[in-house]
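The exercises below are to be worked with the sequence and the coordinates at hand. Each task is followed by a solution in steps.

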Amino acid sequence: MELNEAQELIAGARLNRDQPQLWADLGCGEALFSRALAHLLPAESRIICCDKEKPHFVRMTEAGVSLEFEQLDFEKALLQEKLDGVLMANALHYASDPQETLSRWQAILKPGGYFLCIEYDTKHANRWVPFPLSVKNLEQLLHKLGAREIQKLGERKSLYGAKMYALMCKFASKPD
């Protein structure tokens with residue numbers, strides 16, 4: 001996928017653009033969606049790009065937004081800073097317990113924090129998507145965690161058969 005395609009998939013995200021924000025991209029890979037998100041955030045925002053693999057970069061700037069790499073397994077560790085948002089692009093399907101994973105990260109979101117997810121709309125597991133989350137299943141999970149303003153941003157065909165979708169929500173507070 002190219003940067004412009006990633007940008008199109010999340011283009012409908014309604015984000016607060018009044019002041020710089022701090023986001024985490026969990027399972028960032030080569031940071032394609034971090035770079036796409038940077039175009040939606042105000043200048044001087046930061047995205048901490050987290051992945052358990054060795055980094056493809058240490059630090060870069062995209063659209064006036066700082067992207068900083070941190071080696072981290074999002075199922076086992078958390079960042080120490082309070083976040084305005086969490087991005088998970090093609091990553092949540094690796095979490096064996098997505099509710100637990102999201103709940104842990106939700107706990108370090110500021111009130112009104114965002115969750116932006118790109119996933120495959122399938123219920124069928126395979127070796128690349130071991131714990132799939134269809135749009136319906138992810139929406140149900142997010143409601144369970146107290147999400148509000150759940151919005152499907154877009155979808156596109158995947159090279160692997162299932163459609164990819166982008167979904168965004170806000171969390172009012174920490175999980176119960």
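The model is a predicted one.

**Exercise 1. Backbone outliers in loops**

Task: Locate Ala 31 and Asn 90 in the chain, and give the sign of phi for each.

Solution.
- Step 1. Ala 31 sits in the loop that runs between strand E1 (22-26) and helix H2 (32-38).
- Step 2. The phi angle of Ala 31 is near 70°, which is positive although the residue is not glycine.
- Step 3. Ala 31 counts as buried because its relative accessibility is 0%.
- Step 4. Asn 90 belongs to the loop between strand E5 (83-89) and helix H3 (98-106).
- Step 5. Asn 90 has phi near 55°, again a positive value in a residue other than glycine.
- Step 6. With a relative accessible area of 23%, Asn 90 is partly exposed.

**Exercise 2. A histidine in a loop**

Task: Is His 93 buried or exposed, and which residues does His 93 touch beyond four places in sequence?

Solution.
- Step 1. His 93 is placed in the loop between E5 and H3.
- Step 2. The relative accessibility of His 93 is 1%, so the residue counts as buried.
- Step 3. Leaving out residues up to four places away in sequence, the contacts of His 93 are Glu 119, Tyr 120, Trp 128, Val 129, Pro 130, Phe 131 and Pro 132.

**Exercise 3. Cysteines and disulfides**

Task: How many disulfides does the structure hold, and why is Cys 169 not bonded to Cys 117?

Solution.
- Step 1. The number of disulfides is zero.
- Step 2. Cys 117 is in no disulfide, and the cysteine sulfur nearest to its own is that of Cys 169, 9.1 Å away.
- Step 3. The cut-off for a disulfide is a pair of cysteine sulfur atoms within 2.5 Å.
- Step 4. Seen from Cys 169, the closest cysteine sulfur is in Cys 117 at 9.1 Å, and this is too far for a bond.
- Step 5. Cys 117 is buried, with a relative accessible area of 0%. Cys 169 also counts as buried, at 0% relative accessibility.

**Exercise 4. Salt bridges**

Task: How many salt bridges does the structure hold? Describe the pairs formed by Asp 73, Lys 110 and Lys 163, then give the members of a network.

Solution.
- Step 1. The count is 10 salt bridges.
- Step 2. Asp 73 pairs with Lys 76, and their closest N and O atoms are 3.9 Å apart. The cut-off for such a pair is 4 Å. Lys 76 counts as exposed, at 70% relative accessibility.
- Step 3. Lys 110 and Asp 84 form a salt bridge through their side chains, at 3.4 Å from N to O. This pair links distant parts of the chain, since Lys 110 is in strand E6 (residues 109-120) and Asp 84 is in strand E5, 26 residues apart.
- Step 4. Lys 110 is partly exposed at 34% relative accessible area, whereas Asp 84 is buried at 16%.
- Step 5. Lys 163 and Glu 155 meet at 3.1 Å, N to O. Lys 163 is partly exposed, with a relative accessible area of 40%, and Glu 155 is partly exposed at 38%.
- Step 6. A network of salt bridges links Arg 46, Arg 59, Glu 68 and Glu 81.

**Exercise 5. Nonpolar cores**

Task: How many residues has the largest nonpolar core, and which elements give two or more residues to this core?

Solution.
- Step 1. In soluble globular proteins, nonpolar side chains tend to be buried together.
- Step 2. Here the largest nonpolar core has 32 residues, and those with the most contacts inside it are Ile 10, Leu 15, Trp 23, Leu 37, Ile 47, Leu 116 and Ile 118.
- Step 3. Two or more residues of this core come from each of helix H1 (3-10), H2, strand E2 (46-51), strand E4 (65-71), E5, E6 and strand E8 (163-171).
- Step 4. A second core, separate from this one, has 31 residues, among them Ala 24, Cys 50, Leu 79 and Tyr 165.
- Step 5. Back in the largest core, Leu 37 touches Ile 10, Leu 15, Trp 23, Ile 47, Leu 87 and Leu 116, not counting residues up to four places away in sequence.

**Exercise 6. The aromatic pair**

Task: How many aromatic pairs does the structure hold, and what are the distance and angle between the rings of Trp 23 and Tyr 114?

Solution.
- Step 1. There is one aromatic pair.
- Step 2. The ring centres of Trp 23 and Tyr 114 are 5.9 Å apart and the planes are at 10°, so the pair is stacked.
- Step 3. Trp 23 is in strand E1 and Tyr 114 in strand E6, so the pair ties together parts 91 residues apart in sequence.
- Step 4. Both Trp 23 and Tyr 114 are buried.

How values were computed
Residues numbered from 1 in each chain as written. Predicted model: local features only at pLDDT ≥ 70, side-chain atom pairs only at ≥ 80, totals over all residues. Heavy atoms only, no water. Buried < 20%, exposed > 50% of the residue type's maximum accessible area, 1.4 Å probe, protein only. Helix = DSSP H or I, 4+ residues; strand = E, 2+ residues; numbered from the N terminus. Core = buried A, V, L, I, M, F, W, Y, C linked by side-chain atoms within 4.5 Å. Contact = heavy atoms within 4.5 Å. Phe/Tyr/Trp six-rings, centres within 6.5 Å; stacked < 30°, edge-to-face > 60°.
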